[in-house]
Amino acid sequence: MTEIVRSAHYRIAELIGFIAFVAIFLVNFYFRPNSANMSATVKWFLGVAPNFLGGIGLTISIFVYRFNVFKKRGLTLYKTCIASALISSIGLLVWESIRAIGSFFFDSEDVIMSTVGSALSLVLLVLLVNMNIRKGNFDL
């Protein structure tokens, strides 16, 4: 039986997570500093994009790199997907709360976009699991 870590779908998810993290750096260090002449909508998107991308990247990273930990605990693949998204969402919410303590400003849009990114990753991971199950790569 082929493990998920050897499937092509797994590598695609890993690549999407990596691209999400690279995109965070691009937004923070290239697009935001050069956004003076952009519309308000683009500026808003550049403001929340790191949180959205962080939700995607963190959820996929937790699934990809902690897969064996979840497997040892007896979680099914679907529960592993859900656990990855929940850990990511809770972690990003805690991070936003810690930042709010220091600056006294809590940005609910950042929390919403982090959650949306995690939810989108959850959908992607469930699709990945379904594709691998259909191909017989692993059992639940």
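## Exercises on a five-helix chain

In this predicted model, the axes of helices H4 and H5 come within 9 Å of each other and cross at roughly 165°.

**Exercise 1.** Determine how H4 and H5 are oriented relative to each other, and state the handedness of their crossing.

*Solution.* Begin with the crossing angle of H4 and H5, which is roughly 165°. Angles over 145 degrees count as roughly antiparallel, and therefore H4 and H5 are roughly antiparallel to each other. As for the handedness, H4 passes H5 in a right-handed crossing.

**Exercise 2.** Describe how helix H1 is placed against H5.

*Solution.* Take the two axes as the starting point: those of H1, which covers residues 8–31, and H5 come within 10 Å and cross at roughly 165°. That angle makes H1 roughly antiparallel to H5. The last step concerns the handedness, and here H1 passes H5 in a right-handed crossing.

**Exercise 3.** Work out the orientation of H2 and H5, and sort the residues of their contact by character.

*Solution.* H2 and H5, the latter spanning residues 108–134, pack at an angle of about 40°, and their axes lie 7 Å apart. Angles under 35 degrees count as roughly parallel and those from 65 to 115 as roughly perpendicular; H2 and H5 are therefore oblique to each other. The residues of the contact of H2 with H5 divide into 14 nonpolar, eight polar and two charged. The crossing of H2 and H5 is right-handed.

**Exercise 4.** Compare the reach of H2 with its expected span, and locate the kink in this helix.

*Solution.* Helix H2 runs through residues 40–65 and has 26 residues. From its first C-alpha to its last, H2 reaches 37 Å, which is close to the 38 Å expected at 1.5 Å a residue. Turning to the kink, a bend of about 40° lies at Val48 in H2, shortly before the proline Pro50.

**Exercise 5.** Find the salt bridge of this structure and place its two residues in the fold.

*Solution.* Side chains of opposite charge can pair when their charged atoms come close. The structure holds one salt bridge, and the partners are Arg99 and Glu96, whose closest N and O atoms are 3.3 Å apart. A salt bridge requires such atoms to be within 4 Å. Both Arg99 and Glu96 lie in helix H4, residues 77–103, where they are three residues apart, about one turn of the helix.

Definitions and conventions: Residues numbered from 1 in each chain as written. Predicted model: local features only at pLDDT ≥ 70, side-chain atom pairs only at ≥ 80, totals over all residues. Heavy atoms only, no water. Helix = DSSP H or I, 4+ residues; strand = E, 2+ residues; numbered from the N terminus. Expected span 1.5 Å × (residues − 1). Bend = angle between axes of the 7 residues up to and from the residue. Axes fitted to C-alpha atoms, helices over the stretch in contact; angles between N-to-C directions. Left-handed = near helix turned anticlockwise from the far one by under 90°. Nonpolar A, V, L, I, M, F, W, Y, C, P; charged D, E, K, R; others polar. Salt bridge = Lys/Arg side-chain N within 4 Å of Asp/Glu carboxyl O.
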